[in-house]
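Here are my notes on the fold and its aromatic packing. Please read them alongside the coordinates.

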Amino acid sequence: MSSAPHSPPFRAEHIGSLLRPDELVKKRYAVADKSATPDELVPVEQKAIKEVVKLEQECGIHSITNGEYSRHQFWGTFFETLEGMEEVNMREGGYDQSIFRAYAPDVKSFMHAKTIPNSVTVATGKIKHTGKSSFLPEFEYLKTLLPESEWKNIKLTLTSPSWYHFRYGPKKAYVNGVYESDEEYFKDVAAAYQTELKILYDAGLRNGQVDDPNLACKFVNARIHSSNSLTVPDFCSEAMLDGWKNDKENFQTADEQLQAYIKFYNDCLKRPDDFHMGIHLCRGNYIDGKHFSEGAYDRIAAKLFNDLNVSTYYLEYDTPRAGGFEPLKHLPKNKNVVLGVVTSKFPKLEDQKEMVERVYKAADYVAEGSGQSREEALQRLCVSPQCGFASHAEGNPLGYEDMKKKLQLVRSIADEVWPGQL
């Protein structure tokens, strides 16, 4: 088995979203309420992207993103621009809330807080890519800001394939009569992803990252923490799994669903060997630093590390809610882990010495599982903040300078552990 490739991932990474300037946030809301035109947004957006790319470079970050400044929320508009997909919450009369899995952590949280989840998008017709990419303009603009030799470093964050599937009940991600089974739905979504990835690859993209709050939130031992999360009565993974078992409409066990998702993702993410693909296993990153769930990766690590066709796993390890590093013993020798030991949720700066020691501790577990030395295991590790700084427009409760210090800290940790490496 070959050793894990890197650069990308780089030793100092970040997850994608960065705090948006107030001017950009206000202008996007103005466009939404029609007090400004989309054309007025373009120069504000481009100016903000130029500045945030400069910030990344100044902080020594080589996986350049646009901070997700072209999006209101982290998942973008990939599904919404596919033929057959429709935001049914935009219809007159709205939608029936019974389509949701009320026991899923994020759905339960949204409904408790404000009764409606964000963006209710389902398949109302057969899904097909239109041939026009919603992500390509982001990549093309970033290319204008960098020399061609650095285009391969640009990282685009991509929508989770299951984003508009798990939150809905069995066979409710599509309206009656459109698909007879999940397998049919998955097949068409996978074909759309393949078209999207080919468009991006042909344009020069070589570094992708799927942002996925579903697999970690739903299939690890998770529970809602009342102090730093949306206020929800005692919700835990056992309750979610009990809800799953008690849902008479379910036709698969939770483990069978996870296995189905892995096959589905692998069909979506087929790509050339030189197209680096990673997945960020998130536990929710909502406004004001709130999260949806917590718990270790133990329950899913062996399956995801060995069966999911990605090269890199971006994991959250900023607080005890993430569990320990023990699951890293399952990491195959041809894959990488980016350790999210620095929090993006709050301004307090971590102690560099402690973070370096945590990286070494993680390496020891990787080494134990693969029969390697610590030094060999370290070659498959990198470091980053645990999540984006602004998965949603308003972002987390810290300032721009706080974010800059966090990114600089990530770079300093990487320089101490892997001196001289990008």
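1. Overall burial. This is a predicted model. The protein chain has 422 residues, and buried residues make up 59% of them. Its accessible surface comes to about 17000 Å². Carbon and sulfur atoms contribute 50% of that surface.

2. Secondary structure and contacts. Twelve helices and eight strands are assigned in the protein chain. Take the contacts with a separation of 6 or more: 80% of them join residues 24 or more positions apart.

3. Helix α4. This helix spans residues 136-144. Which of its residues are buried? They are Glu138, Phe139, Tyr141, Leu142 and Lys143. The list includes charged side chains as well as Phe139, Tyr141 and Leu142. An α-helix has 3.6 residues a turn, so residues three or four places apart point the same way. The buried residues of α4 pack against three elements: α2 (38-58), β3 (156-159) and α5 (182-202).

4. Aromatic pairs, first example. A search of the whole structure finds 23 aromatic pairs. One of them joins Phe79 and Tyr193. The geometry is edge-to-face, with 6.3 Å centre to centre and 65° between the planes. Phe79 lies in the loop between α2 and β1 (83-87), while Tyr193 belongs to helix α5, so the pair ties together parts that are 114 residues apart in sequence. Phe79 has a relative accessible area of 1%, so it counts as buried. Tyr193, at 3%, is buried too.

5. Aromatic pairs, second example. Phe186 and Tyr261 also form an aromatic pair, this one tilted. Their centres are 6.2 Å apart and their planes meet at 50°. Distant parts of the chain are linked here: Phe186 is in helix α5 and Tyr261 in helix α8 (residues 254-268), 75 residues apart. Both Phe186 and Tyr261 are buried.

6. Aromatic cluster. Phe79 and Tyr193 are also members of one aromatic cluster. The other members are Phe74, Trp75, Phe78, Phe135, Trp163 and Tyr164. When checking this region, view the cluster as a unit rather than pair by pair.

7. Charges over rings. Where does the charged end of Lys143 sit? It sits over the ring of Trp151, 4.7 Å from the ring centre. Lys143 is one of the buried residues of α4. A second case involves the cluster member Trp163: the charged end of Arg167 sits over its ring, 5.3 Å from the centre.

Conventions. Residues are numbered from 1 along each chain as its sequence is written. This is a predicted model: local features need pLDDT of at least 70, side-chain atom pairs count only at pLDDT 80 or more; totals for chains, interfaces and linings use all residues. Side-chain values use heavy atoms; hydrogens and water are left out. Buried means under 20% relative accessible area, exposed over 50%, partly exposed in between (1.4 Å probe, protein chains only). Helices (H or I, at least four residues) and strands (E, at least two) are DSSP runs, numbered from the N terminus. Contact means heavy atoms within 4.5 Å. Accessible areas come from the Shrake-Rupley method with a 1.4 Å probe; for residues, only the protein chains shown count as cover. Rings of Phe, Tyr and Trp (its six-membered ring) pair if their centres lie within 6.5 Å; planes under 30 degrees apart count as stacked, over 60 as edge-to-face and the rest as tilted. A charge sits over a ring if NZ of Lys or CZ of Arg is within 6 Å of the ring centre and within 35 degrees of the ring normal.
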